[in-house]
Amino acid sequence: MNHPYAYLIGDLFFLAVWVALFFARKDLRREMLIMSVVGSLFAPLAFIYLPDYWYPDHIIGNSPIGIEDFLFAFVIAGIGATLYESIFGKTHALCECRKRGPRGILTIVIIASAVLIALPLFFGLNSIYSSYIAFGIIFVFIMYFRRDLLAQSLMSGALVTLLMLLFYQVWIVLYPGIIQHWWKLENISGILILGTPLEELVWGFSWGIVGGAVYEFARGVGLRKLK
């Protein structure tokens, strides 16, 4: 059974969260927009998951990459970057830390992207697990220079994980059996937490620990309590 609109409906859930955060926190709009645009640029990397992890339906048919991939990358990037600040009432503040040049950040992102592609292609590692390693490389790079961002990073990871778990509770009610239809559970752990593949939650945490700190890292700023 095909579900041509299920991916788009899922995106709309996250888009609603994105819009709520955008209008609730004017001071974070710049961060949200920048991170969302940057995130959408990496949407084509979604093709790496198709051979061994999942194969979702798209509204445009059997295309391996659809508008849904770009929309999801856009909204999850903005959410991951600002969810912690929004929930805990934090805003940006000057800190005694040096702004990182774009060259270093671009280099580590390219390295992580190369790892994401190379591990499944040349070493047979499942793509979802290679994505954890790719995010981990960026996380370690950030923490090497900015250990003050550790708590913020971990909390962001936890919040994105919880948000994804909440999403799946709604989504699998709307589309019963879709997990078994789209996900290649035989290639991964097969563990479901409240019906949600464990790997999806770990992916959310992996992205959250990176997305929750990378903007502050790049801009050379910290956080303070919002007055």
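This is a short talk about the fold of one protein chain and about one of its helices.

Hi everyone! Before we look around, please keep in mind that this is a predicted model.

Let's start with the overall layout. How many helices and strands does the protein chain have? There are 8 helices and 4 strands. If you walk along from the N terminus, the order is α-α-α-β-α-α-α-α-β-β-α-β.

Now for the overall dimensions. The C-alpha trace spans about 55 × 40 × 30 Å along its principal axes. A compact globule of 227 residues would have a radius of gyration near 17 Å, and the protein chain has 17 Å, so the two agree. Of those 227 residues, 52% count as buried.

Who touches whom? Take the contacts between residues at least 6 apart in sequence: 80% of them join residues at least 24 apart.

On to the surface. The accessible surface comes to about 11,100 Å², and carbon and sulfur atoms account for 72% of that. As for charge, you'll find 16 positive and 14 negative side chains, with the centres of the two sets 17 Å apart.

Finally, let's zoom in on helix 5, residues 127-145. Its 19 residues reach 28 Å from the first C-alpha to the last, close to the 27 Å expected at 1.5 Å a residue. Which residues of helix 5 are buried? Among them are the aromatic-named trio to look for on your screen: Tyr132, Phe135 and Phe139. Ile128, Ile138, Ile142 and Met143 are buried too, and so are several others, including Ser127, Ser130, Ser131 and Ala134. What do these buried residues pack against? Their partners are helix 4 (102-123), helix 6 (150-174) and helix 8 (198-219).

Thanks for listening!

Notes. Residues numbered from 1 in each chain as written. Predicted model: local features only at pLDDT ≥ 70, side-chain atom pairs only at ≥ 80, totals over all residues. Heavy atoms only, no water. Helix = DSSP H or I, 4+ residues; strand = E, 2+ residues; numbered from the N terminus. Rg over C-alpha atoms; globule rule 2.2 N^0.38 Å. Buried < 20%, exposed > 50% of the residue type's maximum accessible area, 1.4 Å probe, protein only. Contact = heavy atoms within 4.5 Å. Areas by Shrake-Rupley, 256 points an atom, 1.4 Å probe, with all protein chains shown as cover. Lys, Arg positive; Asp, Glu negative; His and termini not counted. Charge placed at Lys NZ, Arg CZ, Asp CG, Glu CD. Expected span 1.5 Å × (residues − 1).
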